[in-house]
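Trainee: I have a structure open and would like to learn how to read it. Can we take a few features in turn?

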Amino acid sequence: MLDFENYVLTFFQCRKRTSWKKSIQKFQLNLSQEILSIIEKVKYNKKITMKPIEFLINERGKERKIRSIPIQERIVVKNFCNNVISPLILPSLIFHNSACVKRKGTLFAKEELKKHLRKYYFKNGNKGHVLTVDFSKFFANINHEIVFNKLRKVLTNEKLFNLAKQIIDSSGDVGVCLGSELSQLIATWFPSELDHFIKEVLKIKFYGRYMDDLYLIHNDKEYLNYCLKEIKRICEKLKITINENKTQFHKTEIGFIFLKCNFRISESGKIIVKSCKKNILRLKRKLKKFKKFLDEGKINYHDVRNTYESWKGHLKASNSYKVKNNMLIYYIKLFELNAYIDKFL
């Protein structure tokens with residue numbers, strides 16, 4: 001945390017895709033001086049958190065608090081995550097905890113779920129039960145006291161512990177804000193006790209979690225009912241609220257939703273993955289709005305294309321050939337010349 005070269009490398013990582021910003025350019029003009037100033041603050045346990053830009057975004061009817069932190073603080077947080085927090089907490093995570101881990105992500109989580117369903121079919125056939133659990137306002141309700149008690153066990157250096165405490169407390173008295181790398185890591189690691197309990201005590205072989213969404217696959221619904229009671233007990237201990245509306249039991253032959261995709265096992269054992277209808281309708285509405293903004297000059301075509309390509313990436317793990325083709329026709333019809341250029345060049 002006091003190595004000059006580490007901070008230089010971290011700055012160039014933070015600068016990616018943001019080098020056009022005035023604050024980044026100003027920082028780079030006095031790079032050595034700025035980094036030495038940061039190192040001094042860290043060394044003598046001074047305040048490194050600065051006034052952030054905070055704003056709310058409305059995502060599918062949910063309000064999410066986003067915290068954009070200045071480059072000076074971002075460099076410290078990233079360096080702290082890369083060289084202290086990640087090496088300490090990531091080895092303790094279960095293999096099927098897929099969020100915020102290098103070489104993992106949503107595609108990895110979906111592929112592993114497909115593997116779980118195949119293994120389940122070879123052992124039990126296509127008849128079975130799935131329990132899906134969702135945490136309510138997960139980021140906003142993370143309890144700082146519990147986080148600090150957990151960190152105390154792995155972070156024995158007092159200065160580094162105080163640095164972590166300072167960064168987490170800058171989000172408020174309760175919860176962590178989206179936008180900070182440390183917040184993402186803490187949210188991934190915080191329910192790790194629950195992951196180990198499900199795998200090692202409840203002996204659920206086919207289990208996975210992506211941040212606040214998790215699934216358990218078993219042939220006995222009564223046992224899954226018992227598992228749910230135990231999950232609620234652990235969550236109560238961690239002060240995590242379970243979303244009762246989204247916590248449901250499903251049949252493997254009918255299907256269930258995980259990470260915006262519908263998974264089911266056919267009679268022949270084929271794992272069928274379809275994109276949710278809500279997700280398709282949501283993209284169509286978004287593209288209509290983008291078309292209006294594009295005509296008014298509020299956005300450029302590059303932003304529209306990135307949204308569309310991102311959606312296509314989301315379908316990689318699914319059987320959605322017709323959906324992709326129908327959406328491509330809709331996209332070309334909506335954006336005409338720009339879309340044709342994209343398709344053929």
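Mentor: We will go through the core, a pocket, the cysteines and some backbone angles. Keep in mind that this is a predicted model.

Trainee: Start with the core. Which residues have the most contacts inside the largest nonpolar core?

Mentor: The general idea comes first. In soluble globular proteins, nonpolar side chains tend to be buried together. Here the largest nonpolar core has 69 residues, and Phe80 and Leu216 have the most contacts inside it. Helix α4 (residues 71-89) gives this core its largest share, nine residues. A second, separate core has 16 residues, including Ala109, Tyr215, Ile217 and Ile271.

Trainee: What does Phe80 touch, leaving out residues up to four places away in sequence?

Mentor: Phe80 touches Met1, Ile85, Leu155, Leu160, Leu163, Ala164, Ile167 and Leu182.

Trainee: Now a pocket. Which residues line the second largest pocket?

Mentor: For a pocket, read the volume, then the lining, then its chemistry. The second largest pocket holds about 270 Å³ of space. Its lining is Gln13, Cys14, Lys16, Arg17, Arg74, Val77, Lys78, Gly179, Ser180 and Glu181. Helices α1 (4-15) and α4 each supply at least two of these lining residues. The largest share, three residues, comes from α4. By type, the lining has five charged, three polar and two nonpolar residues.

Trainee: Cys14 is in that lining. How many disulfides does the structure hold?

Mentor: A disulfide is a covalent bond between the sulfur atoms of two cysteines. The structure holds zero disulfides.

Trainee: Why is Cys14 without a bond to Cys81?

Mentor: Check the distance between the sulfurs. The closest cysteine sulfur to that of Cys14 is in Cys81, 10 Å away, which is too far for a bond. The cut-off is 2.5 Å. Cys235 tells a similar story: its closest cysteine sulfur, in Cys227, is 13 Å away, also too far for a bond.

Trainee: Are Cys14 and Cys235 buried or exposed?

Mentor: Cys14 counts as buried because its relative accessibility is 7%. Cys235 is buried too, at 1%. The cut-off for buried is under 20%.

Trainee: Last, the backbone. What is the phi of Lys203?

Mentor: Most residues other than glycine have a negative phi. Lys203 has a positive phi, near 60 degrees. Lys203 sits in the loop between α9 (192-201) and β4 (206-210). It counts as exposed because its relative accessibility is 62%. Lys239 also has a positive phi, about 60 degrees. Its place is the loop between α10 (221-238) and β6 (248-251).

Terms used: Residues numbered from 1 in each chain as written. Predicted model: local features only at pLDDT ≥ 70, side-chain atom pairs only at ≥ 80, totals over all residues. Heavy atoms only, no water. Helix = DSSP H or I, 4+ residues; strand = E, 2+ residues; numbered from the N terminus. Buried < 20%, exposed > 50% of the residue type's maximum accessible area, 1.4 Å probe, protein only. Core = buried A, V, L, I, M, F, W, Y, C linked by side-chain atoms within 4.5 Å. Contact = heavy atoms within 4.5 Å. 1 Å grid on protein atoms, 1.4 Å probe; cavity = no way out; pocket = protein on both sides within 12 Å on 5 of 7 lines; lining within 4 Å. Points joined across faces, edges and corners; volume = space filled by probe spheres on them. Nonpolar A, V, L, I, M, F, W, Y, C, P; charged D, E, K, R; others polar.
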